[in-house]
Amino acid sequence: GTLSGFSDQQLAISEIGVYFADDSFGQGTWPEGDTPPEKVKGEPWMFVLRDVLQFSDSLESGIQRITEANRTCNLIIGLGDGEEGMVN
């Protein structure tokens, strides 16, 4: 896994944890919501970040990989594309 990094496809990624997540993170809030802010089953976030750098060739494919991952915790993820000069 990785905490942050960049790839030969000029993609860069980093993360920051979220302590007071709202429902937009897809896991609900706790104790108000149905799901705790972290869950045991899923793909560890360090592997999600690594897979984006290893297997994605564009900003769009990186975003899709993050969106479709069954993540285990709420994070704010920064993903940048050096070729397009964009950050999401």
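The following paragraphs describe the fold, the sheet, the helices and selected residues of a predicted model.

The protein chain contains two helices and four strands. Read from the N terminus, these elements follow the order β-β-α-α-β-β. The chain has 88 residues, of which 34% count as buried. Its exposed surface amounts to about 5800 Å², with carbon and sulfur atoms supplying 54% of that area. When contacts between residues at least 6 apart in sequence are considered, 65% of them join residues at least 24 apart.

The four strands are arranged in an open sheet with the order S1-S2-S3-S4, and the pairing is antiparallel. Strand S1 (5-6) and strand S4 (86-87) occupy the edges; each has a single partner strand, so one side of each is left without a neighbour in the sheet. In general, strands of a sheet pair through backbone hydrogen bonds.

Two bridges link S1 to S2 in the antiparallel sense. In this pairing, Phe-6 has Ala-12 of S2 as its bridge partner. S1 and S2 together make a hairpin, with four residues between the two strands. Gln-10 is located in the loop between S1 and S2. The phi angle of Gln-10 is near 65°, which is a positive value in a residue other than glycine. The relative accessible area of Gln-10 is 42%, so this residue is classed as partly exposed.

S2 and S3 are antiparallel and are joined by seven bridges. Ala-12, the partner of Phe-6 in the S1 pairing, is also bridged to Gly-80 in S3. Ala-12 of S2 thus takes part in the pairing on the S1 side and in the pairing on the S3 side. Strand S3 (residues 75-81) is in turn joined to S4 by two bridges, again with the strands antiparallel. One bridge partner pair here is Asp-81 and Met-86, the latter in S4.

Both helices lie across strands of the sheet. Helix H1 (residues 45-55) lies across S1, strand S2 (11-17) and S3, and runs at about 165° to S2. Helix H2 (residues 59-68) lies across S2, S3 and S4, and runs at about 160° to S3. S2 and S3 are thus crossed by H1 and by H2, whereas S1 is among the strands crossed by H1 and S4 is among those crossed by H2.

The buried residues of H1 are Trp-45, Val-48, Leu-49, Asp-51, Val-52 and Leu-53. These buried residues pack against S1, S2, H2 and S3. In an α-helix, which has 3.6 residues a turn, residues three or four places apart point the same way.

One of the buried residues of H1, Asp-51, takes part in a salt bridge with Arg-50, with an N to O distance of 2.9 Å between the side chains. The structure holds one salt bridge. The two partners differ in exposure: Asp-51 has a relative accessible area of 11% and is buried, while Arg-50, at 32%, is partly exposed.

Phe-47 also belongs to helix H1. With a relative accessible area of 36%, Phe-47 is partly exposed. Together with Leu-3 and Met-46, Phe-47 forms a nonpolar patch on the surface, and the three residues have about 270 Å² of accessible area together.

Two further residues were examined for separation in sequence and in space. Asn-74 is placed in the loop between H2 and S3. Its relative accessible area is 4%, so Asn-74 is buried. Asn-74 and Ile-16 are 58 residues apart along the chain, and their C-alpha atoms are separated by 9.1 Å. Glu-60 is a residue of helix H2 and counts as partly exposed, at 46% relative accessibility. Glu-60 and Asn-88 are 28 residues apart in sequence, with a C-alpha to C-alpha distance of 9.6 Å.

Technical notes
Residues numbered from 1 in each chain as written. Predicted model: local features only at pLDDT ≥ 70, side-chain atom pairs only at ≥ 80, totals over all residues. Heavy atoms only, no water. Pairing = 2+ DSSP bridges. Contact = heavy atoms within 4.5 Å. Axes fitted to C-alpha atoms, helices over the stretch in contact; angles between N-to-C directions. Buried < 20%, exposed > 50% of the residue type's maximum accessible area, 1.4 Å probe, protein only. Areas by Shrake-Rupley, 256 points an atom, 1.4 Å probe, with all protein chains shown as cover. Patch = residues over 30% accessible without salt bridge, like charges linked within 9 Å, V, L, I, M, F, W, Y side chains within 5 Å. Salt bridge = Lys/Arg side-chain N within 4 Å of Asp/Glu carboxyl O.
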